[in-house]
Amino acid sequence: MKSFLRLKRAQAIAALVMAIAILATLVGLGLSTSIARAASPNGNGAQKVLLTTTNRNCDGTVATPPGIGGGTGFAIINKAAPGKLISNVVLENAVPNATYNIRLIQILPNAVDCQPYNGPGEATLTTDALGNGSANYQEAVIDGAKGAFVVLNNQADPGDDFYTTQVVNP
């Protein structure tokens with residue numbers, strides 16, 4: 001009986017350690033614990049949005065032509081307090097050893113937040129030998145922003161190898 005109780009106690013401690021590790025990882029990535037509300041239908045909390053080769057204008061509308069990227073992935077977009085917009089981007093099976101510019105574009109009532117490359121609001125994601133990579137980017141929420149989306153462009157071929165998410169209301 002004592003060995004059974006020791007085993008159960010060890011399992012409970014292991015579960016607690018795992019829960020703490022997961023929480024620490026989420027906080028370390030800049031994600032709030034509201035990640036459990038991912039893809040919430042009312043737009044509250046973090047939202048997981050697929051990356052596609054859809055070309056988008058700075059206002060989020062679809063443009064042509066589509067990108068040629070062969071990878072897949074997603075971005076988690078989260079509006080965190082106080083006034084912070086967070087994007088955690090994951091790209092898989094893309095161009096190996098490539099660096100992608102990441103832009104988190106906010107849509108305003110009468111304008112857009114569409115910075116040029118190498119400006120504020122940009123980060124990079126570098127893929128490994130398998131074409132996999134991830135990055136986290138944060139910026140201040142612009143007053144009046146009604147939506148946001150993520151854009152990735154391969155620095156070596158920005159006009160053809162790119163990915164975007166749909167517009168979300170974080």
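Let's start in the middle of the protein, with its largest nonpolar core, which has 21 residues. The members that touch the most other members are Val89, Leu91, Tyr100, Ile102, Val150 and Leu152. Which strands feed this core with at least two residues each? They are strand 4 (72-80), strand 5 (84-92), strand 6 (99-107), strand 7 (122-126), strand 8 (133-140) and strand 9 (147-154). Please keep in mind as we go that this is a predicted model.

Now let's step back to the whole chain. How many helices and strands does the protein chain have? There is one helix, and there are ten strands. If you read along the sequence, the helix comes at the start of the pattern and the strands follow, as α-β-β-β-β-β-β-β-β-β-β.

A few overall numbers will help you get your bearings. The protein chain has 170 residues, and 41% of them are buried. Its accessible surface comes to about 9,200 Å², with 59% of that belonging to carbon and sulfur atoms. Then there are the contacts between residues at least 6 apart in sequence: 64% of those join residues at least 24 apart.

On to the sheet. Strands of a sheet pair through backbone hydrogen bonds, and the pairing can be parallel or antiparallel. Here we have an open sheet of four strands, in the order 1-4-5-8, and the pairing is antiparallel. Where are the edges? Strand 1 (47-50) and strand 8 are the edge strands, since each pairs on one side only. Going from one strand to the next, the twist averages 20 degrees.

Let's walk through part of that sheet. Strand 1 pairs with strand 4 in the antiparallel sense, over four bridges. If you want a spot to look at, find Leu50, whose bridge partner in strand 4 is Phe74. Next, strand 4 and strand 5 run antiparallel and are joined by nine bridges. Here a good spot to look at is Gly73, with Leu91 as its bridge partner in strand 5. We have met Leu91 already, as one of the core residues that touch the most other members.

Strand 4 and strand 5 also form a hairpin, with three residues between them. In that turn sits Gly83, with a positive phi of about 65 degrees.

While we are on strand 4, have a look at Asn78, which is found there. Is Asn78 buried or exposed? Asn78 has a relative accessible area of 1%, and because the cut-off for buried is under 20%, Asn78 is buried. What does its side chain have beside it? A polar atom of the Asn78 side chain lies 3.3 Å from the backbone nitrogen of Ala46.

Now for the loops, where some backbone details stand out. In the loop between strand 3 (62-63) and strand 4 you will find Pro65. A cis peptide bond joins Thr64 and Pro65, with omega at about -5 degrees.

Moving along, the loop between strand 5 and strand 6 holds Asn93, and Asn97 has its place in the loop between strand 5 and strand 6 too. Asn93 is not a glycine, yet its phi is positive, at about 60 degrees. Asn97 is not a glycine either, and its phi is positive as well, at about 50 degrees. Are they buried or exposed? Asn93 has 52% relative accessibility, so it counts as exposed. Asn97 has 58% relative accessibility, so it counts as exposed.

My last stop is Gly144, in the loop between strand 8 and strand 9. At 47% relative accessibility, Gly144 counts as partly exposed. Which residues does Gly144 touch, if we leave out those up to four places away in sequence? They are Ile107, Leu108 and Pro109. Gln106 is worth finding too: Gly144 and Gln106 are 38 residues apart in sequence, and their C-alpha atoms are 9.5 Å apart in space.

So that is the tour: a core of 21 residues, an open sheet in the order 1-4-5-8, and a cis peptide bond between Thr64 and Pro65. Thanks for listening, everyone!

Definitions and conventions:
Residues are numbered from 1 along each chain as its sequence is written. This is a predicted model: local features need pLDDT of at least 70, side-chain atom pairs count only at pLDDT 80 or more; totals for chains, interfaces and linings use all residues. Side-chain values use heavy atoms; hydrogens and water are left out. Buried means under 20% relative accessible area, exposed over 50%, partly exposed in between (1.4 Å probe, protein chains only). Contact means heavy atoms within 4.5 Å. Accessible areas come from the Shrake-Rupley method with a 1.4 Å probe; for residues, only the protein chains shown count as cover. A nonpolar core is a set of buried Ala, Val, Leu, Ile, Met, Phe, Trp, Tyr and Cys residues joined through side-chain atoms within 4.5 Å. Two strands pair if DSSP finds at least two bridges between them. Axes are lines fitted to C-alpha atoms, for helices over the stretch in contact, and angles run from 0 to 180 degrees between N-to-C directions. A polar contact is a pair of N or O atoms within 3.5 Å; within protein, one must be able to donate a hydrogen and the other to accept it, and residues adjacent in sequence count only if both atoms are side-chain atoms.
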